[in-house]
Amino acid sequence: MLPLSQFSKKELEPIRMIVFDVDGVLVPRGTKIKQVGNTTTLETKVIHEKQIEQIKKIYEAGFLINISSGRGLYMLQEMFRGILPFVSLTYENGSATWYKGKIYQHVNSFEYLKDVFPKLKKVLENNKNVKGFEPKEFIITIHCAEQIKEIEEIVAKEKGLTTIWNGEAYDVQIKGDQTKAVGLRHVMEIFKLKKDNVMAIGDNYNDAELLAESGMPISADKNRVSGKFYVPLEGEFLPADKLMQKILELSPG
Ligand SMILES: [Mg+2]
């Protein structure tokens, strides 16, 4: 892996689309969630005006922009409200993509998840380490203060399912067929792009397949995912900020 400072104009040449992970890349890591009885409180993180302006400029420089997140559509729409005409939103770890008001569903997880959901609810009911179930349509996301072995054990017994722990929550989803990479493959079809035309930046374990699926993977945390280039996670600027600065610096016009 090379530092982003060594990324050159030649490597930018074939890139037509840039795929951004959200948490840890466009906004700092961490989701605040609280669940008391039937009331779930979820903090919406705001994309800084500077990043919104950068994304606009990247779009004006001729790049397509895809946001790929484990978050739900409602939240991504809220976060990217100001630039919705310029971006496509791939949500819940590649399950579906929103583009200009149209929804492309990539995965149908209903049969896989319908039985495990009540089991998880029941077992976790009185677990103090559970902060809450994040509202999702195609995956199950459980925020926890720390890793909970019971979740892993319940899911391990279910055929075809897997859990991903990202340091603050578990995503429960279909093994192999419900990943950000699957989402990206569909997005590439929608926009008629090849692997070489895609740059992707992500910081966490659920980004590994996404990054591997792009021709130009950029790691925003080299301890968790690998890429051709890396951006430091800590520092004055967010990883996406640094990457966009670099792209704009190398773009003609
Ligand atoms: Mg992330």
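Start by colouring the two domains of this predicted model: their C-alpha centres sit 24 Å apart. To make the selections, use 2-108 + 178-250 for domain 1 and 110-174 for domain 2, as the domain assignment has it.

Next, bring up the contact between them. Domain 1 puts in 19 residues and domain 2 puts in 18. Stay on the domain 1 side and pick 33-36 and 39-42: these are strands S3 and S4, and each of them supplies at least two residues of the side that touches domain 2. S3 is the top contributor there, with three residues. Colour that side of domain 1 by residue class and you should find twelve polar, five nonpolar and two charged residues.

Now hide the contact and show the strands. Look for an open sheet of nine strands with mixed pairing, and trace it in the order S1-S15-S14-S13-S2-S5-S6-S7-S8. Which strands stand at the edges? Select 2-3 for S1 and 102-105 for S8; each has a single partner strand, so one side of each is left without a neighbour in the sheet.

Zoom in on the S1 end. Add residues 229-230, which make up S15: this strand and S1 pair in the parallel sense over two bridges. Click Leu2 and then Phe229 in S15, its bridge partner.

Last stop: select residues 180-190, helix H7, and keep the sheet on screen. What does H7 lie across? The helix crosses S2 (17-20), S5 (64-68), S6 (87-91), S7 (96-99), S8 and S13 (198-202). Turn the view until S7 is easy to follow, and you'll see H7 running at about 40 degrees to that strand.

Terms used. Residues numbered from 1 in each chain as written. Predicted model: local features only at pLDDT ≥ 70, side-chain atom pairs only at ≥ 80, totals over all residues. Domains from an automatic or database assignment. Contact = placed C-beta atoms within 7 Å. Helix = DSSP H or I, 4+ residues; strand = E, 2+ residues; numbered from the N terminus. Nonpolar A, V, L, I, M, F, W, Y, C, P; charged D, E, K, R; others polar. Pairing = 2+ DSSP bridges. Axes fitted to C-alpha atoms, helices over the stretch in contact; angles between N-to-C directions.
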